[in-house]
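Hello,

I am passing a structure on to you, as promised. Please open it first, and then read my notes below with the view beside you.

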Amino acid sequence: MSEEIEKLFKDKVIGHPAGLFVLFFTEMWERFSYYGMRALLVMFFTAALLEDGSGGWGWPREHALAIFGTYTSLVYLSTLLGGYMADKKIGYRYAVLVGALLMTLGHGAMALETPFFIYAGLTLLVFGSGFFKPNMTSIISEMYVTKPEKKDGAYTIFYMGVNAGAFLGILLCGYLGETVGWSWGFGVAGIFMLFGLLQFWFAQDIFGKIGLKPAKPGDEEHVLKEGEPKLNPFTNFQLVLIFVAAVLGLSWILNDPVSKISGGEYNLFDFSLFGLDGPNIVILTALLLFILLLVIRIPKYDKVTRDRMLAVVFFAFITIFFWAIFEQAPGSLTIFARDYTDRTLVGTAGLTFKIVNSLMTIIPLGIITWVLLRLFKKTFAKYALSNIILATSFVIIWGIAIWMLSTEFMKDESEIPASWFGVLNSLFIIAFAPLFSKWWESKYNPNANMKYAIGMILLGIGMAFVAVGASDIPVGAATASVSIIWLIMVYFFHTMGELCVSPVALSYVSKLVPGRMIAMMFGIWYLAVAIGMKLAGVFGESSEAIAKTEGLSYFFWLLTAVAVGLGVLSALLYPVIKKLMHGVR
């Protein structure tokens, strides 16, 4: 393996193997397609259906947010299937290819805009993301297995690709979808996913044997390393608990939007008991079974492992609510941008926006193109077709960007697309991630608890800004003209919170549990994220009812209180969690 890895490091781009940048651009186009489509989804469902058959579907916001929450939740749950298939059956490399193909087909289906193809497209995207998402980082891990000192730099470069893709996807697909037509936004997302698939396929030999189909494991028993806790195998009863909880939870996630959109006609749980309706009984049962499983299993570990797993459970609990509030961005915050924000800029303000938007578009594209040219110098001779496909994708993306900017400059006034505000998250991450990285490496690096506390409080501050901004909106109002500054501040503080929580979360999981348990705990972690994603939709749905009775500002103040409250709780529990972590920082 070490000889194979040394070969990878012979052809370097900016000090890293050229293969890393093949992954960089593949991930960039996948994130372009995912975030580009996601930015449009709720707006498409809620946009008015016009007389000529164009426009959106004219759904109530509650229905759109219900299906959006289910979709994003299933994206994270499907990573468990994709990770298993890659680890046990087809290998990381083919899992990436399968995922990219399914997502290409999914975006293509959505471009047709009919109910069958929209639902089929979302289904393909869920499974495609599940195969793609966990296995790109797995390839990087194998590439740097003998060079751990360079791994942090590799992931930094890789996540720049993630954010560059998200930035360009929201910017360009959002613009096309809102100004030209929904099919254009969905379709362009699929085209660039196809480019990512093809450039990866034709350059895959650059990875040598990394990520190929795994060898069949032997029948030998797991040998405990020195200091490693004893095995705690799952009993048949525990496996039944897992199965029942999983079936109930998944059924609830799928039933939630179906029952609401059909007006209750298709409701799997059309019953009530003790004053609770069927869906609430089902999800509470699933939650109680999962808690029972933890109560049974955790005490059977040795004290250190048991304590550290309790710390992971605490962080997972906070994570659920972090994502439930953070992921209001493509849901209730995008609706707020569309219906309640004054997005029309004239005169000096309009010209300033045009200049800023042009710089925001051209500078990142220029930097990424420079990286692309560096990659060409190292790989064109061996992987010409992959490079030609990649070059073609950039010619097209430059063409779309220049067309968009020139079209906007020709207008007397600027109307900011509602989806545009989503690009601020990626922009702020690219700008501030190096500063946070320096902070984590300094002597002032806070403990995990304090990072979560700071992250949640920053999240709450962001929501407080939009709550203040919405304070003058009358109760039950369908539209308003709030200043854009409130949304800009929301995304700024939310990004600062994300930088405190998201990058460090999985790192703490890997530090707190033994190596053989990492896969299982990552699964629990993704389950927590999936619950948070669905809860984001549930919160968004409740915003409609609250806005009609108490006002939209009240809804945002509630989210502020939840975020700040959990941040304060995390800070107060610092001594307890520090003790549970047994020296892990």
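What follows is a short tour of what was found. Please keep in mind that this is a predicted model.

**The cavities**

Let me start with the empty space inside. How many cavities of 30 Å³ or more does a search of the whole structure find? There are four of them.

The largest cavity has a volume of about 80 Å³. Its lining is made up of Ile170, Leu171, Tyr175, Phe353, Asn357, Met404, Glu408, Glu415, Pro417, Ser419 and Trp420. Three elements give two or more residues each to this lining: α5 (151–179), α11 (347–379) and α12 (384–409). Of these, α5 gives the most, with three residues. Sorted by class, the lining of the largest cavity has seven nonpolar, two polar and two charged residues.

The second largest cavity comes to about 50 Å³. Around it you will find Arg61, Ser332, Ile335, Phe336, Tyr340, Ser543, Glu544, Leu552 and Phe556. Here the elements that supply two or more lining residues are α10, α16 (518–549) and α17 (552–572). Which element provides the largest share of the lining of the second largest cavity? That is α10, with four residues. The classes in this lining are five nonpolar, two polar and two charged.

**Around α10**

One residue in the lining of the second largest cavity, Ile335, deserves a visit of its own. Isoleucine 335 sits in helix α10, which covers residues 329–340. Is isoleucine 335 buried or exposed? Its relative accessible area is 4%, so isoleucine 335 counts as buried. Setting aside residues up to four places away in sequence, isoleucine 335 touches Val42, Arg61, Leu65 and Tyr340. Arginine 61 is 274 residues from isoleucine 335 along the chain, yet their C-alpha atoms are separated by 8.5 Å. Arg61 also belongs to the lining of the second largest cavity.

Glutamine 328 is found in the loop between α9 (303–326) and α10. Glutamine 328 is buried because its relative accessible area is 1%, under the 20% limit. A polar atom of the glutamine 328 side chain lies 2.9 Å from the backbone oxygen of alanine 324. Beyond the residues up to four places away in sequence, glutamine 328 touches Leu333, Thr334, Met463, Ala536, Phe539, Gly540, Phe555 and Leu559.

**Two helices to look at**

Helix α14 runs over residues 448–469, 22 residues in total. From its first C-alpha to its last, α14 reaches 32 Å, close to the 32 Å expected at 1.5 Å a residue. How many of the residues of α14 are buried? The count is 16 of 22, and α14 is mostly covered. At the N-terminal end of α14, asparagine 447 acts as a cap, with a side-chain oxygen 3.1 Å from the backbone nitrogen of asparagine 449.

The other helix is α3, where threonine 70 is found. Threonine 70 is buried, at a relative accessible area of 5%. The threonine 70 side chain reaches the backbone oxygen of isoleucine 253 at 2.8 Å. Apart from residues up to four places away in sequence, threonine 70 touches Ile253, Pro257 and Lys534.

**Loops and the segment after α18**

Lysine 411 belongs to the loop between α12 and β6 (414–415). With a relative accessible area of 37%, lysine 411 is partly exposed. Leaving out neighbours within four places in sequence, lysine 411 is in contact with Tyr175 and Lys354. Tyr175 is also one of the residues that line the largest cavity. The C-alpha atoms of lysine 411 and valine 346 are separated by 9.8 Å, and the two residues are 65 apart along the chain.

Finally, a word on backbone angles. Most residues other than glycine have a negative phi. Glutamate 113 is not a glycine and still has a positive phi of about 70°. You can find glutamate 113 in the loop between α3 (61–110) and α4 (115–143). Histidine 582 also has a positive phi, near 50°, and is located in the segment after α18 (574–581). Histidine 582 is partly exposed, with a relative accessible area of 31%.

Enjoy looking around, and do write back with any questions.

Best wishes

Notes
Residues numbered from 1 in each chain as written. Heavy atoms only, no water. Buried < 20%, exposed > 50% of the residue type's maximum accessible area, 1.4 Å probe, protein only. Contact = heavy atoms within 4.5 Å. Expected span 1.5 Å × (residues − 1). Polar contact = N/O pair within 3.5 Å; in protein donor to acceptor, adjacent residues only side chain to side chain. 1 Å grid on protein atoms, 1.4 Å probe; cavity = no way out; pocket = protein on both sides within 12 Å on 5 of 7 lines; lining within 4 Å. Points joined across faces, edges and corners; volume = space filled by probe spheres on them. Nonpolar A, V, L, I, M, F, W, Y, C, P; charged D, E, K, R; others polar.
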